[in-house]
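Morning, everyone. Please have the sequence and the model up on your screens, and we'll go through the strands, the core and the ligand.

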Amino acid sequence: MKGTVLITGASGGFGVLFAQAFEEQGYSLLLHGRDKARLQMTLDSLKRPELHRTLLGGLSARKGVDELVERIMQEDDLVGIVNNAGFGTWGAFEMCESVPQLDVLRVDLLAPVMLSHALLPRLKRQNGFMINVSSLAGETPLPYMSTYGAAKAGLTFWSEALRAELQGVVRIVTLAPGPSPTGFRVVSGAPKGKGGLFSTSPSIVIEAAMQSLAQGGGYCVPGWRHKVLWCLQTLMPRILSLPIMARYLKP
Ligand SMILES: NC(=O)c1ccc[n+]([C@@H]2O[C@H](COP(=O)([O-])OP(=O)(O)OC[C@H]3O[C@@H](n4cnc5c(N)ncnc54)[C@H](OP(=O)(O)O)[C@@H]3O)[C@@H](O)[C@H]2O)c1
């Protein structure tokens, strides 16, 4: 075994594919999530489930993050973290309950920062790596997913700054996908079809992330559709893009 990798949000979507990809490369996995049955399904999808473990817990409260850190501290050979757990809420800001929106900030931004701060000394010792699953939602303001966009913008900036600080010591991938068919849309409450034009399969997303990691880390926008979206986001002036996005995403 090449060491242990922690994957948060391993009970669905990208998390399952990350688990399969890291197993393929010979790592032992710690699979974290809240849903026991779905975590077990991830474990069952692996070739040698007996080599990996599941960890039940949430990340929206400080206690959940602390418990996870305490548990990981028992691992001698932690080499990587995939900060993948996350969700968004779709709808007009004042119409969405405040607790889920605060939880978006806690799970998508605060939890990766807290986990990484606690586990970095171990990753440095092992010349390890980190994949931070951000989003193109963090590239430009996102009307009707405003809090999610803010969380992912924060995550992208934090991850990119960290990548520069840790160059040559810990490999960091800041993964910035656009829409992809996982459980994400259903959880967010967004109707089917939003972002469909740019939809990219989860396997392309994970393949690009693994390739970026193999090349030493970087800012990774996977697949040509997401790259086109990213170009539009970065080239179009905000004065034009904001009203277009607002019209497109309006409930
Ligand atoms: N799919 C997309 O279009 C897309 C695009 C850009 C970025 N992303 C990002 O990709 C990451 C993975 O999402 P996905 O697309 O694979 O969606 P998904 O299928 O809904 O998976 C989300 C994962 O996050 C976990 N999670 C959610 N809330 C949690 C909490 N409070 N505590 C602990 N774990 C929690 C879920 O675990 P439990 O259900 O077990 O709690 C689940 O395993 C997220 O960070 C998301 O923002 C997705």
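In which sense do strand β5 and β6 pair, and over how many bridges? They pair in the parallel sense, over five bridges. Before I go on: this is a predicted model.

Let's stay with β6. The strand covers residues 171-175, and five of its five residues are buried. Look at both faces. R171, V173 and L175 lie on one side, I172 and T174 on the other, and all of them are buried.

Now the neighbours of β6. On one pairing, with β5, N132 stands opposite T174. The other pairing is with strand β7, residues 218-220. That one is also parallel, over three bridges. Here T174 has Y219 as its bridge partner. So much for the pairings of T174.

How does the chain connect β5 and β6? Helix α5, residues 146-165, completes the unit: β5, α5 and β6 make a right-handed β-α-β unit.

Next, strand β4, residues 78-83. Is it enclosed or open? Six of its six residues are buried, so the rest of the structure largely encloses β4. It pairs with β1, residues 4-7, in parallel, through four bridges. Find T4 there: it stands opposite L78 in β4. Four bridges also join β4 to β5, again in parallel. In that pairing, N83 stands opposite N132 of β5. You met N132 a moment ago, opposite T174 in β6. β4 and β5 also belong to a right-handed β-α-β unit, with α4 as the helix.

On to the core. Which residues of the largest nonpolar core touch the most other members? The core has 57 residues, and the answer is V5, I7, F18, A19, L29, I131 and A209. Helix α4 gives the largest share, seven residues. Take A209 as one example. Leaving aside neighbours within four places in sequence, A209 is in contact with I131, V173, L175, C220 and P222. V173 and L175 are two of the buried β6 residues on one face.

Now the ligand. How many residues surround it? There are 29, and the closest are G9, G13, G33, G86 and G183. The elements that give two or more residues to this shell are α1 (13-24), α4 (98-125) and α6 (184-188). The largest share is from α1, with three residues. By type, the shell divides into 11 nonpolar, 14 polar and four charged residues.

Last topic: two backbone oddities. N127 has a positive phi of about 50°, and it is not a glycine. Find N127 in the loop between α4 and β5. Y144 is the other case: its phi is near 70°, positive again in a residue other than glycine. Y144 is placed in the loop between β5 and α5.

Are these two buried or exposed? N127 is exposed, because just 11 other C-beta atoms lie within 10 Å, and exposed means 12 or fewer. Y144 is buried, because it has 21 other C-beta atoms within 10 Å, and the cut-off for buried is 20 or more.

That's the tour. Questions, please.

Terms used:
Residues are numbered from 1 along each chain as its sequence is written. This is a predicted model: local features need pLDDT of at least 70, side-chain atom pairs count only at pLDDT 80 or more; totals for chains, interfaces and linings use all residues. A residue is near a molecule or strand if its C-beta atom, placed from the backbone, lies within 6 Å of it. Ala, Val, Leu, Ile, Met, Phe, Trp, Tyr, Cys and Pro count as nonpolar, Asp, Glu, Lys and Arg as charged, and the others, Gly among them, as polar. A nonpolar core is a set of buried Ala, Val, Leu, Ile, Met, Phe, Trp, Tyr and Cys residues joined through C-beta atoms within 7 Å. Two residues are in contact if their C-beta atoms, placed from the backbone, lie within 7 Å. Two strands pair if DSSP finds at least two bridges between them. A crossover is right-handed if, with the strands pointing away from the viewer, the path from the first strand over the helix to the second runs clockwise.
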